[in-house]
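Please open the model in your viewer and keep the sequence panel beside it, since this tour moves from one selection to the next. At each stop, make the selection first and then read what is there.

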Amino acid sequence: NDATEIMNGALSQQFGAVLPGWVSTSSFEGNAAQKLIDASVGAEMLVVGSRGHGGVVGLLLGSVSSACAEKAHCPVLVVH
């Protein structure tokens, strides 16, 4: 799917043909915030971007990153 292709392209650009052993990838369909919150169970840290593409609220902190910061089961790092 498109998301997997974009992810693989970004990883290849960053790391080359061989990914470091600590890199793992997954792609899921559904509500992004809820999928990330669910994935945060047992995680050491969740890293998300600071904003998406949604309206005035998105200018400060995107709805996905905001929901993750509020409800994740581990520390959340929001990157700008």
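Start with Phe15 and colour it by its exposure to the surroundings: Phe15 is partly exposed, with a relative accessible area of 32%. Keep in mind, as you go on, that what you are looking at is a predicted model. Now add Trp22 to the selection, which counts as exposed at 68% relative accessibility. How many aromatic pairs does the structure hold? The structure holds 1 aromatic pair, and Phe15 and Trp22 are its two members, arranged edge-to-face. If you place a marker at the centre of each ring, the distance between the centres is 5.8 Å, and the planes of the rings stand at 85 degrees to each other. The angle counts as edge-to-face because it is over 60 degrees.

Next, step back and show the whole chain as a cartoon. You should find 3 helices and 2 strands, and, if you follow the chain along its sequence, they come in the pattern α-α-β-α-β. Switch to a surface view, and the chain exposes about 6100 Å², of which carbon and sulfur atoms supply 57%. Of the 80 residues in the chain, 19% are buried. Among contacts in the chain with a separation of 6 or more, 58% are between residues 24 or more positions apart.

Return to the cartoon and select helix 1, residues 2-15, which has 14 residues. From its first C-alpha to its last, helix 1 reaches 20 Å, close to the 20 Å expected at 1.5 Å a residue. Just after helix 1, click on Gly16, which takes a positive phi of about 85 degrees. Then move back into helix 1 and pick Ala3, which is found there and counts as partly exposed at 48% relative accessibility. Draw a distance from Ala3 to Phe28: the two are 25 residues apart in sequence, while their C-alpha atoms are 9.0 Å apart in space.

The next stop is Met45, in the loop between helix 2 (32-39) and strand 1 (46-49). Met45 is partly exposed, with a relative accessible area of 47%. Which residues form a nonpolar patch on the surface with Met45? Select Val47, Leu77 and Val79 together with Met45, and you have the patch, with about 350 Å² of accessible area together.

Now go to Gly62, in the loop between strand 1 and helix 3 (63-71). Is Gly62 buried or exposed? At 5% relative accessibility, Gly62 counts as buried, because the cut-off for buried is under 20%. Measure from the C-alpha of Gly62 to that of Ser50, and you will find 6.1 Å in space for two residues that are 12 apart in sequence.

Finish at His73, which lies in the loop between helix 3 and strand 2 (76-79). His73 is exposed, with a relative accessible area of 53%. Leaving aside the neighbours within four places in sequence, His73 is in contact with Ile37, Ser40 and Val41, so display these side chains beside it. As a last distance, join the C-alpha atoms of His73 and Gly42, which are 31 residues apart in sequence and 7.3 Å apart in space.

Technical notes: Residues are numbered from 1 along each chain as its sequence is written. This is a predicted model: local features need pLDDT of at least 70, side-chain atom pairs count only at pLDDT 80 or more; totals for chains, interfaces and linings use all residues. Side-chain values use heavy atoms; hydrogens and water are left out. Helices (H or I, at least four residues) and strands (E, at least two) are DSSP runs, numbered from the N terminus. The expected span of a helix is 1.5 Å times one less than its number of residues. Rings of Phe, Tyr and Trp (its six-membered ring) pair if their centres lie within 6.5 Å; planes under 30 degrees apart count as stacked, over 60 as edge-to-face and the rest as tilted. Buried means under 20% relative accessible area, exposed over 50%, partly exposed in between (1.4 Å probe, protein chains only). Patches are made of residues with over 30% relative accessible area and no salt bridge: like charges are joined within 9 Å, nonpolar side chains (Val, Leu, Ile, Met, Phe, Trp, Tyr) within 5 Å. Accessible areas come from the Shrake-Rupley method with a 1.4 Å probe; for residues, only the protein chains shown count as cover. A salt bridge is a side-chain nitrogen of Lys or Arg within 4 Å of a carboxyl oxygen of Asp or Glu. Contact means heavy atoms within 4.5 Å.
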